[in-house]
Structures are given as C-alpha cells and as structure tokens.
Amino acid sequence: MNADQTSYYEPTIWPEGVIARYLTVGGAHVDITHQMNTLTPPEPYATLATCTACPATSEHNHHRLVWGLTSQYEEHHPDLADRDAREWAQAHAEKCRAMPRPEVTQ
Ligand SMILES: [Zn+2]
C-alpha cells in the first residue's frame with residue numbers, strides 16, 4: 001500500500017469564487033468570497049471571509065442602512081464590504097494558529 005500524502009496543501013489552486021486569500025500563521029488560509037443571492041442573474045450581496053482551519057467567518061453585507069434626513073435607506077457599498085472583509089482576513093490570518101485540515105480523499 002502506498003499512502004497518498006499529496007495535495008493536502010495546494011497554494012496555487014484556489015477554489016472557485018475566491019477573490020482573495022490570506023495565509024495564516026498556522027499555514028491555513030482565510031478565503032474571501034462573494035455571497036451570491038438567488039436572483040437571475042445572481043448578484044453578490046455580501047463579502048465573506050472564511051478561515052479554512054477554524055470555524056471563524058466574517059460576513060460583510062454590501063448593503064448598508066444609513067440615516068437620511070427623515071428615514072433610513074439602503075446604500076450599496078460592495079467596495080467597503082470587500083475592504084472590511086480583507087481587514088478581518090488580515091487580522092485573523094495574523095493570529096490564527098489552527099492547522100489546515102488535510103483534504104478528505106474519497
Ligand atoms: Zn482561523
């Protein structure tokens with residue numbers, strides 16, 4: 001028997017939809033993806049940062065409620081959501097020491 005120990009860590013292959021990736025101090029990743037709604041065509045409604053080694057995630061909605069003169073209304077700020085997600089990912093990557101879990105091979 002030849003145990004297959006390969007490909008548990010492939011930094012060059014990013015999962016589909018990953019727009020940014022941060023290497024954690026534990027050797028895992030924080031991946032940033034867009035959460036898509038179910039409309040046709042699907043549109044991103046949030047930016048999600050997910051650690052691949054621990055349960056930590058952080059979702060940043062693209063729509064923000066802001067107060068106008070008389071009422072609240074919604075503004076669409078995907079760029080701000082991306083920025084916040086990247087800041088969270090950077091901060092988490094600097095402190096997360098969870099090890100990446102080897103891929104389950106079938
Ligand atoms: Zn983590």
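**Figure 1. Buried residues across the whole protein.** Of the 106 residues in the protein, 27% are buried, a word that stands for under 20% relative accessible area, with exposed meaning over 50% and partly exposed the range in between (1.4 Å probe, protein chains only). This is a predicted model, in which local features need pLDDT of at least 70 and side-chain atom pairs count only at pLDDT 80 or more, while totals for chains, interfaces and linings use all residues. Residues are numbered from 1 along each chain as its sequence is written, and side-chain values use heavy atoms, with hydrogens and water left out. The secondary structure consists of 1 helix and 6 strands, where helices (H or I, at least four residues) and strands (E, at least two) are DSSP runs numbered from the N terminus. Follow the chain along its sequence and you will meet the pattern β-β-β-β-β-β-α. Contacts, meaning heavy atoms within 4.5 Å, also reach across the sequence: among those between residues at least 6 apart, 36% join residues at least 24 apart.

**Figure 2. An open sheet of 4 strands.** The strands line up in the order S1-S2-S3-S4, with antiparallel pairing; two strands count as paired if DSSP finds at least two bridges between them. Strand S1 (18-23) and strand S4 (57-61) each have a single partner strand, so each edge strand has one side without a neighbour in the sheet. From one strand to the next, the twist averages 20°, an angle taken between axes fitted to C-alpha atoms (for helices, over the stretch in contact) and running from 0 to 180 degrees between N-to-C directions. Strands of a sheet pair through backbone hydrogen bonds, either parallel or antiparallel.

**Figure 3. From strand to strand within the sheet.** Begin at S1 and S2, two antiparallel strands joined by 5 bridges, where Leu23 sits opposite His29 in S2. These two strands form a hairpin with 5 residues between them, and Gly27 in its turn has a positive phi of about 90°. Next come S2 and S3, paired in the antiparallel sense over 7 bridges; here His34 faces Thr47 in S3. The last step runs from strand S3 (residues 44-51) to S4, again antiparallel and with 5 bridges, and Ala46 stands opposite Asn61 in S4. Look also at the loop between S2 and S3, which holds Pro41: the peptide bond from Thr40 to Pro41 is cis, with omega near -5°.

**Figure 4. The hairpin of S5 and S6.** Strand S5 (residues 63-67) and strand S6 (residues 72-76) are antiparallel partners over 5 bridges. The hairpin passes from S5 to S6 through 4 residues. Trp67 stands opposite Gln72 in S6.

**Figure 5. The largest nonpolar core.** A nonpolar core is a set of buried Ala, Val, Leu, Ile, Met, Phe, Trp, Tyr and Cys residues joined through side-chain atoms within 4.5 Å. The largest one here has 11 residues, among them Ala20, Tyr22, Val30, Ile32, Ala49 and Ala89. At least two core residues come from each of S1, strand S2 (29-36), S3 and helix H1 (78-95), and H1 gives the largest share, 3 residues. Tyr22 is a good place to pause: leaving out residues up to four places away in sequence, Tyr22 touches Ala28, His29, Val30, Ile32, Arg86, Ala89, Gln90 and Ala93.

**Figure 6. Thr33, a buried residue of strand S2.** The relative accessible area of Thr33 is 18%. Not counting neighbours within four places in sequence, Thr33 makes contact with Gly17, Val18, Ile19, Ala46, Thr47 and Leu48.

**Figure 7. The zinc ion and its protein donors.** Which atoms hold the donor positions around the zinc ion? They are Cys51 (SG), Cys54 (SG), His92 (NE2) and Cys96 (SG), at 2.0 to 2.3 Å from the ion. Donors are N, O and S atoms within 2.8 Å of the metal (3.2 Å for Na, K and Ca); water is not among the atoms, so sites may look incomplete. The angles between the 4 donor atoms span 105 to 116°, which makes the arrangement tetrahedral, a term for four donors with all angles between 85 and 135 degrees. Along the chain, the donors follow the spacing C-x2-C-x37-H-x3-C. Cys51 belongs to strand S3 and Cys96 to the segment after H1, so the pair ties together parts 45 residues apart in sequence. Cys51 is buried at 5% relative accessible area, and Cys96 counts as buried at 6%. Both cysteines also appear in the core of Figure 5, along with Cys54.

Definitions and conventions:
Four donors count as tetrahedral if all angles lie between 85 and 135 degrees; four count as square planar and six as octahedral if opposite donors are over 155 degrees apart and all others between 65 and 115; anything else is irregular.
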